[in-house]
Amino acid sequence: MALAFDEFGRPFIILKEQEQKTRLRGLDAQKANIASGKAVARILRTSLGPKGMDKMLQSPDGDVTITNDGATILEQMDVDNQIAKLMVELSRSQDYEIGDGTTGVVVMAGALLEQAEKLLEHGIHPIRIAEGYELASRIAFEHLEHIAHKFEFSATNIEPLIQTCMTTLSSKIVNRCKRSLAEIAVKAVLAVADLERKDVNLDLIKVEGKVGGKLEDTELIYGIVVDKDMSHPQMPKQIEDAKIAILTCPFEPPKPKTKHKVDIDTVEKFQTLRQQEQKYFDDMVQKCKDVGATLVICQWGFDDEANHLLMHRNLPAVRWVGGVELELIAIATGGRIVPRFQELTPEKLGKAGLVREKAFGTTKDRMIYIEHCANSRAVTIFIRGGNKMMIEETKRSLHDALCVARNLIRNNSIVYGGGSAEISCSVAVEAAADKYPGVEQYAIRAFADALDAIPMALAENSGLQPIETLSAVKSQQIKENNSCCGIDCNDTGTNDMREQNVFETLIGKQQQILLATQVVKMILKIDDVISPSDY
Amino acid sequence: MAVEKLFKDEATEEKGERARMASFIGAMAIADLVKTTLGPKGMDKILQSTGRGHSVTVTNDGATILKSLHIDNPAAKVLVDISKVQDDEVGDGTTSVVVLAGELLREAEKLVNAKIHPMTIISGYRMAAECARNALLEKVVDNKLDAEKFKSDLMKIAMTTLSSKILSQDKEHFAGLAVDAVMRLKGSTNLESIQIIKKPGGSLKDSFLDEGFILDKKIGVGQPKRIENAKILVANTAMDTDKVKIYGARVRVDSMAKVAEIEVAEKEKMREKVQKIINHGINCFVNRQLIYNFPEELFADAGVLAIEHADFDGIERLALVTGGEIASTFDNPESVKLGHCKLIEEIMIGEDKLIHFSGVELGQACTIVLRGASPHMLDEAERSLHDALCVLSQTVNDSRVLLGGGWPEMVMAKAVDELARKTPGKRSHAIEAFSRSLVAIPTIIADNAGLDSAELVAQLRAEHHKEGSNAGIDVISGSVGDMAELGISEAFKVKQGVLLSATEAAEMILRVDEIITCAPRRREDRM
């Protein structure tokens, strides 16, 4: 079939090595694609909501990850199927853009695909379905704006923010101490936020974890924690009012980049060279001392001799500090990163109120705390926990919480969670469907049904009767004209999400719907899959 | 149409019940593996490495056993991980934490089979763990203020910890050693200043605590064997040929005469360096790196004791205990802090000569010399002693103490049982299960000792029904006894760590409903 004939009747090949490729076309292609998209969504479906389960993933190297963060699961799943890869991308872009709702977006896309399959069987052209979805997503998008609430908070009244972060954390394993973690996340975000410009640079928040201790010991440090120790064991462990020289040059004799050789052929030369070498070390340390530094943080290593000289001159130093950490330290302490000793001046030094080394547990782990910095705009969240997996999972959960807090600062509109927003949208889309003439109407209705999938999954994961609960909530919403009714996952006895304080950001929800629709449209438009078959 | 292939080749996916079963079975297998090592009559395991030499370790330390296992089951890895953390944090209770987590999962499996949702079990376990912790907190004894009592508490804890180890025959002796060593630290948890030297030969009873510092090195030839009022310079510097560190430098000569000249200059340089070192007014020089024959000879001439090639830990510890600094340049002798000690001498332990520094400045440091019949025995003795030291040093900071011998478990189980009775709903099943898991620990201890566990535990439970009972299992006599009288104590911190970590791990495994195993990374065949 991939063989064609030109005008002289000679055959030529369109598809190279045709026999070795499998090819699916038309409805078959679409159905296969939909099936694999649904398979991915099915994996994530049980992770949705506060009662969602975790997945255990074993990497090719045998490391174990336990998580219920959609983006992480998909990323580590080692997917081979092309469409499945699209879903992975989908969840990743939600993660980059919003940081939360990564599971929801995939479940949503899966539901849309499922509905599309039915429509395809009815014989509706995929493009018409895609168009209908597009229209429906626009309706839902606008409806969300309509039901969104403005959310009031200020630097002094952070309670609402904490509540939102708690919603995010409640679906994670850390929900045991979600209150304290939410507080930490909010305080961290507020510390680095620029409330006037409504911008938050999350790079300024460093999340550092160390195995051991309890989850409750997790703390927020207004400063930087570096997983390093002093270069010489006998340097002072605590420095007050530190002036920090941040260097990116090693404490070693310079290595010119041009190739050169220094030939030693006489005794005199040998001796001058030796003196020169000693002077190098001396000069370097003296330079740091001269500008008034009381702590040296260096990206590179030191020579033993330089190390001792530093200790000798009572100049504590930290070596092999990573580039990212170095930048953070520079930001926090208001110092400048200095690439050469000659350029060291007193103005370029960073200032910190307290630098101390802290030891943990029975092992020799030590970390350096840089606190009370000149510029408190950089903070560190220091996580403790029972084991490595717990810490990794806490890191991911906190990242989600941080993102949510950031989104709220950027845009303070919220919608209510627990599936209430989806139900409300579904009702609105359903109602709007009748107004459209043409085949799109069916697609719009299907979209409304797909929106119901999220509250359904929530109810199912919480051990409730999915269909019964959903229909009850839906009728309640319409009867009371209250868009805040959702699924009561935690069995608290009320359906009103306003009372339960469960909300999500408006942009997060909108993004979910838009992204899911886009991906589904893309998948629907594919009608030919050519892939190399197994060899 | 079915999905043909979602994952890469060889990647596997386990779902729902199957996934849960796989993780339960994995975790329980690990727990059963270490179960028999629990308690004073617990057995040891032989571990043989697959590496070259097939070296053998005999141990009953849970963390050590689990660390050496190659495990493929992801849930089992979680348990190995918690035991490792328990080891890092408190040093003891590494077996108990795994056994408890295993028991919790065993009970959870039953509940899951009875159609109770894992999330319900988790919330029940959480309530139970909180309640158990509070029950323990109510019963703790804190004797920090009373120095005499505190010391006896420490002694009891050390004996309890050691009683399950190879050292149990001489536990009083070793408990004494450990307590003395830890008391010298005066509240710091820095175990680095306690040095453990293992020397095969003699018997375990011959092990002793030395107040000074012992360096496992020989004294250079022709140098003094005994120095009083030693001034020590601890250094980390090259004492072979000093390299020129300027990049790109090399020696290029055109005649033999010049080679000789440079060699002389080099020698001169070394002589100068040695002279500078001697000028510090020292009579002992310890270097981390090699000392070549030539400088060694120079040192010998000057009557300075030179010790070469001390390992890094040795150097740091020596600097710490003698109060000196680790020097690498020697240009200004007046400002280098020298280390001091009253006496340096060469001593013999067994057949080996060692260098002994006594009367050191820092009173914290001490050395424990372990003697024993074989290296395996010594290794195990070191691990046991390390456990005891860790627990003691943590207890010095957090001086809350509990009774041992299954007493804490019974106290917790009682409190948790009461909670179960008060809790409405399905969670109460999980809470009851938690209490059963707690009781499993004294049961296993009794089983391991070859006692009638069912009878004993029932007696124990009855005994605990009374308020303020001190009853626990007395393994030696094989009956229920008063733990306070028998002097069996445990540190609160250890028990708390066991309880919290085990619950956390069980929770983590319970939450899983799907296991996705990626295709193992291909090793390139080097055939």
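These legends walk you through several close-up views of a predicted model.

**View 1. Chain A as a whole, before we zoom in.**
Start by getting your bearings in chain A, whose C-alpha trace spans about 95 × 75 × 40 Å along its principal axes. The chain holds 17 helices and 22 strands. Of its 535 residues, 57% count as buried. Consider also how the chain meets itself: among contacts between residues at least 6 apart in sequence, 72% join residues at least 24 apart.

**View 2. A:Lys206 and the residues around it.**
Look for strand E9 of chain A, residues 205-211, and you will find A:Lys206 there. Is this lysine buried or exposed? A:Lys206 counts as buried because its relative accessibility is 9%, and the cut-off for buried is under 20%. A polar atom of the A:Lys206 side chain lies 2.5 Å from the backbone oxygen of A:Val225. Setting aside residues up to four places away in sequence, A:Lys206 touches A:Ile224, A:Val225, A:Val226, A:Glu325, A:Leu328, A:Val379, A:Thr380 and A:Ile381.

**View 3. A:Glu325, a contact of A:Lys206.**
Now move to helix H10 of chain A, residues 323-333, which contains A:Glu325. With a relative accessible area of 16%, A:Glu325 is buried. Which residues does A:Glu325 contact, leaving aside its neighbours within four places in sequence? They are A:Lys206, A:Glu208 and A:Val226. You have already met A:Lys206 and A:Val226, which touch each other.

**View 4. Helices H3 and H4 of chain A crossing.**
Here helix H3 (residues 82-97) and helix H4 (residues 102-121) of chain A have axes that come within 8 Å and cross at roughly 140°. That angle makes H3(A) oblique to H4(A). Their crossing is right-handed. On the H3(A) side, look for A:Met87, A:Leu90, A:Ser91, A:Gln94 and A:Asp95. They meet A:Thr102, A:Val105, A:Val106, A:Ala109, A:Gly110 and A:Leu113 in H4(A). Sorted by class, the residues of this contact are 6 nonpolar, 4 polar and 1 charged.

**View 5. The two H8 helices, from chain A and chain B.**
This view brings in a second chain: helix H8 of chain A (residues 267-290) packs with helix H8 of chain B (residues 256-278) at an angle of about 35°, and their axes are 9 Å apart. The crossing of H8(A) and H8(B) is right-handed. From H8(A), A:Val267, A:Phe270, A:Arg274 and A:Gln278 take part in the contact. Their partners in H8(B) are B:Glu261, B:Ile262, B:Ala265, B:Glu266, B:Lys269, B:Glu272 and B:Lys276. How many residues of this contact are charged? There are 6 charged residues, along with 4 nonpolar and 1 polar.

**View 6. A:Ile173, a loop residue with contacts in both chains.**
Find the loop between helix H6 (159-169) and helix H7 (178-192) of chain A, where A:Ile173 has its place. A:Ile173 counts as buried, at 2% relative accessibility. Its neighbours within four places in sequence aside, A:Ile173 is in contact with A:Asp54, A:Met390 and A:Glu393 from chain A, and with B:Arg126, B:Glu507, B:Met508 and B:Arg511 from chain B. You can also locate A:Met53, which is 120 residues from A:Ile173 along the chain, with 9.2 Å between their C-alpha atoms.

**View 7. B:Glu308 in its loop.**
In chain B, the loop between strand E11 (305-307) and helix H10 (312-322) carries B:Glu308. B:Glu308 is partly exposed, with a relative accessible area of 30%. Not counting residues up to four places away in sequence, B:Glu308 touches B:Lys217, B:Asn287, B:Gln289, B:Leu290 and B:Ile291. B:Asn236 is 72 residues from B:Glu308 in sequence, and their C-alpha atoms are 10.0 Å apart.

**View 8. A:Asp241 and B:Lys115, two residues with a positive phi.**
Most residues other than glycine have a negative phi. A:Asp241 is not a glycine, yet its phi is positive, about 50°. You will find A:Asp241 in strand E12 (residues 238-247) of chain A, and at 60% relative accessibility this aspartate counts as exposed. B:Lys115 also has a positive phi, near 65°. Look for B:Lys115 in the loop between helix H4 (94-113) and helix H5 (118-139) of chain B. B:Lys115 is exposed, with a relative accessible area of 72%.

How values were computed: Residues are numbered from 1 along each chain as its sequence is written. Chains are lettered from A and ligands numbered from 1 in the order in which they are written. This is a predicted model: local features need pLDDT of at least 70, side-chain atom pairs count only at pLDDT 80 or more; totals for chains, interfaces and linings use all residues. Side-chain values use heavy atoms; hydrogens and water are left out. Helices (H or I, at least four residues) and strands (E, at least two) are DSSP runs, numbered from the N terminus. Buried means under 20% relative accessible area, exposed over 50%, partly exposed in between (1.4 Å probe, protein chains only). A polar contact is a pair of N or O atoms within 3.5 Å; within protein, one must be able to donate a hydrogen and the other to accept it, and residues adjacent in sequence count only if both atoms are side-chain atoms. Contact means heavy atoms within 4.5 Å. Axes are lines fitted to C-alpha atoms, for helices over the stretch in contact, and angles run from 0 to 180 degrees between N-to-C directions. Angles under 35 degrees count as roughly parallel, over 145 as roughly antiparallel, 65 to 115 as roughly perpendicular and the rest as oblique. A crossing is left-handed if the near helix is turned anticlockwise from the far one by less than a right angle, and right-handed if clockwise. Ala, Val, Leu, Ile, Met, Phe, Trp, Tyr, Cys and Pro count as nonpolar, Asp, Glu, Lys and Arg as charged, and the others, Gly among them, as polar.
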